[in-house]
Structures are given as C-alpha cells and as structure tokens.
Amino acid sequence: MEASEVLRVNRALNKMSMLYRAAKSRKLAALGLHPGQDVLLWHLAQEREGMTVSALAERLGVEPPTATRSLARLESGGWFRREPVATDRRQVRIVVTDTGHKLVPSIERAWAELAEQAMGDMTAQQREITINALEQANDRLRRLVGEAALTDE
C-alpha cells in the first residue's frame, strides 16, 4: 500500500470511529443511555427469562466484573431487576422489566436511523460492498487483538 493510501485509510477509520461514536452518543442520550448500554440492554431483552451476569459477560465478550460495572451504571433507569438463581444462591439473574422492553424498539430505531444516516443515498450494491469491507476489516483487526467475542459494537 502506498503512503498516501495508508494515510487515507488511517484518517478515514479514525474519523469514522470518532464520528460514529459521537452520533450514537447523541441518539442514545435522547433515550437516557450511553454507548454500550444499548447493546447490553438489547442482549438482555432477547432472553425473556433473563440471564446471569456471567452469561451476559460471555455474550458481550467482556469479563464478568466489567458486565457488573456496566449493569450498576444502567440500574438507575429501572430497565431491569435482579432475581436470585434458585439453583445457585451466589448468582443473580438479570431480567429486563417492562420499562426496559419498551425501550428496545427505540434502541433499534436509533440504530436504524444511524445506519441510514451513515450510508446515505448509497445504492444497495454500494451498501453491500461497504458492509463487506467493514466486516472484513473488523475480522482482521479482531484476530490482531485476539478478541474473537467482540462482535456487537
């Protein structure tokens, strides 16, 4: 790759990362959320019976203490409740409340709006090429940093 192309790639990826996070932050702030909390709440909402912190951490590709801290920051919204696990008193099950379930369509709508705004008036073929290129780059970077579980953000 030529030096000018290297600069363009790095500049584009850095700028896109910053702009995407800023745009996502604004959309989520309107819902009372911060980046990352949307993904956490969405995953929890997919399991009607809830899930343990360990299961959530595995799904998110993080360590359980990280999931616990994220849940603590999210708890004040009343979007989930903690229930004891009958078979293991050391664990708790995180269950999304009705309030949390009602927020999920707004999260999905924010994601859809952001995707539409990012892709603009690209044709279906251009979108497919762009998405494939981004997914390939993500896969290569994931292998580079050894974080196979990071697939949602």
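**Note on the predicted model: aromatic pair, core and sheet**

1. The structure holds one aromatic pair. Its members are W42 and W111, and the geometry is tilted. The ring centres lie 5.9 Å apart, with 50 degrees between the planes. Keep in mind that this is a predicted model.

2. Why give two values for the pair? A pair of aromatic rings is described by the distance of the centres and the angle of the planes. Here the angle of 50 degrees goes with the label tilted; planes have to be over 60 degrees apart to count as edge-to-face, and under 30 to count as stacked.

3. Which parts of the chain does the pair link? W42 sits in helix α2 and W111 in helix α5. The two are 69 residues apart, so the pair links distant parts of the chain.

4. Are the two tryptophans buried or exposed? Neither label fits. W42 has a relative accessible area of 23%, and is partly exposed. W111 is at 26% and also counts as partly exposed. Buried would require under 20%, so both miss that class.

5. P105 is placed in helix α5 too. Its relative accessibility is 40%, which makes it partly exposed. P105 and W42 are 63 residues apart in sequence. In space, their C-alpha atoms are 9.3 Å apart.

6. Now the interior. The largest nonpolar core has 22 residues. Those with the most contacts inside it are L33, L40, L41, L44, L56, L71 and L74. At least two core residues come from each of α2 (37–45), α3 (53–60), α4 (64–74), β3 (88–96) and α5 (98–119). Helix α2 gives the most, with five residues.

7. What does L74 touch, leaving aside residues up to four places away in sequence? The list is L33, Q37, L40, L41, W79 and F80. L33, L40 and L41 are also among the residues with the most contacts inside the core, as is L74 itself.

8. The sheet is open and has three strands, in the order β1-β3-β2. The pairing is antiparallel. β1 (51–52) and β2 (80–85) stand at the edges. Each has a single partner strand, so one side of each is left without a neighbour in the sheet.

9. How many bridges join β1 to β3? Two, and these strands run antiparallel. T52 has R93 in β3 as its bridge partner. Strand β3 thus has a part in both topics: it pairs in the sheet and supplies at least two residues of the core.

How values were computed: Residues numbered from 1 in each chain as written. Predicted model: local features only at pLDDT ≥ 70, side-chain atom pairs only at ≥ 80, totals over all residues. Heavy atoms only, no water. Core = buried A, V, L, I, M, F, W, Y, C linked by side-chain atoms within 4.5 Å. Buried < 20%, exposed > 50% of the residue type's maximum accessible area, 1.4 Å probe, protein only. Helix = DSSP H or I, 4+ residues; strand = E, 2+ residues; numbered from the N terminus. Contact = heavy atoms within 4.5 Å. Phe/Tyr/Trp six-rings, centres within 6.5 Å; stacked < 30°, edge-to-face > 60°.
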